[in-house]
Amino acid sequence: MQRIEIYEETVQTGIGHSSKGNQLKWLQDGWWYKADAFGFESLAETVVSRLLRHSTIQDFVEYEPVMIRYKEKEYRGCRSRNFRGETEELIPLERLSRIYTGFGLARELSRIADVKQRILYTEELVRNVTGITEFGVYLAKMLEIDAFFLNEDRHTNNIAVLYDVREKEYRLCPFYDMGLSLFSDTRESYPLGMSFPECRERIAAKPFSRDFDDQMDAANGLYGSYLEFDFPATEVMDIFSLYPVNGNERETGYSADERKRVEEALRYQAGKYRYFFCGRT
């Protein structure tokens with residue numbers, strides 16, 4: 001695994017946040033670096049983005065695992081290219097809603113009982129504020145990705161659009177931040193000693209429903225279905241094994257138990273969602 005030295009004098013240091021808490025995050029030389037905070041988030045980010053290379057999803061952030069050295073401490077983590085233009089800023093939907101309506105999106109969604117209506121409300125909000133007309137399709141793709149990879153962190157601060165402050169224009173953001181996928185939170189929610197069925201029983205989706213399939217099916221019914229991998233479901237582990245994240249702990253920084261959990265999750269999800277795969281076998 002590549003080792004990267006973070007230089008305090010050249011980096012913009014910030015705290016990235018999830019629904020579970022803070023994560024150390026740095027911007028240096030055009031790369032974003034994130035340190036693992038809850039378990040093997042960097043492995044999850046890497047696996048998701050590398051499998052998406054073999055899919056119909058085009059615009060997503062690619063991650064690679066790294067060891068980060070900062071202030072004489074080492075952190076296991078990952079990095080990705082900065083996808084924002086020089087004059088662009090990331091606007092989470094929670095913030096967009098507060099600017100436009102005076103209320104946070106999470107609050108407004110909690111006042112709507114029906115999952116499909118929550119999705120429609122979100123699409124209409126984004127369209128009215130930004131002029132982006134394809135946001136419904138964007139949501140459908142996102143919820144398919146989250147359902148397959150079991151991303152439990154899709155809260156309303158983790159869906160965003162990009163705003164160019166010079167051109168005064170909005171555009172879609174690439175799909176990003178999949179770190180809390182594949183039961184990667186081994187510190188709090190899914191200890192490595194927990195069985196896979198227990199993990200599946202415990203997980204809950206966001207932001208439109210606690211059930212991944214309910215929110216995905218609602219979005220597919222409104223805007224269509226998009227995710228398909230270019231290999232059969234039976235080959236998901238062959239694809240996974242092509243990458244260095246499947247080596248031993250000394251080579252990759254990830255333990256056998258962590259890799260086993262990823263493999264269990266991928267095998268189970270490939271069996272459940274065979275219709276996402278070429279050949280459906």
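## Tyr-268 and its neighbours

In this predicted model, Tyr-268 has a relative accessibility of 35%, and it therefore counts as partly exposed. Its ring forms an aromatic pair with Phe-196, an edge-to-face arrangement in which the centres are 5.7 Å apart and the planes stand at 65 degrees. Phe-196 belongs to helix H6 (residues 196-202) and Tyr-268 to helix H10 (residues 256-272), so that the pair links parts of the chain 72 residues apart. Unlike its partner, Phe-196 counts as buried, because its relative accessibility is 11%.

Tyr-268 also has a charged residue over its face, since Arg-200 lies there at 4.1 Å from the ring centre.

## Other aromatic pairs

The structure holds 21 aromatic pairs. In one of them, the rings of Trp-26 and Tyr-70 have centres 5.2 Å apart and planes at 55 degrees, so this pair is tilted. Trp-26 lies in strand S3 (residues 21-28) and Tyr-70 in strand S5 (residues 64-70), with these positions 44 residues apart in the numbering. Trp-26 counts as buried at 0% relative accessibility, and Tyr-70 counts as buried at 10%.

Ring pairs also join Phe-148, Phe-149, Phe-229, Phe-231, Tyr-273, Tyr-275, Phe-276 and Phe-277 into a cluster.

## The nonpolar cores

The largest nonpolar core has 72 residues, and those touching the most other members are Ile-119, Phe-135, Phe-148, Phe-149, Phe-229 and Leu-266. Helix H5 (residues 135-149) gives the most to this core, contributing 10 residues. Leaving aside residues up to four places away in sequence, Leu-266 touches several residues, including Val-47, Leu-51, Phe-148 and Phe-149. Another core, of 10 residues, lies apart from the largest one, and among its members are Ile-6, Trp-26, Tyr-33 and Val-66.

How values were computed: Residues numbered from 1 in each chain as written. Predicted model: local features only at pLDDT ≥ 70, side-chain atom pairs only at ≥ 80, totals over all residues. Heavy atoms only, no water. Core = buried A, V, L, I, M, F, W, Y, C linked by side-chain atoms within 4.5 Å. Buried < 20%, exposed > 50% of the residue type's maximum accessible area, 1.4 Å probe, protein only. Helix = DSSP H or I, 4+ residues; strand = E, 2+ residues; numbered from the N terminus. Contact = heavy atoms within 4.5 Å. Phe/Tyr/Trp six-rings, centres within 6.5 Å; stacked < 30°, edge-to-face > 60°. Lys NZ or Arg CZ within 6 Å of the ring centre and 35° of its normal.
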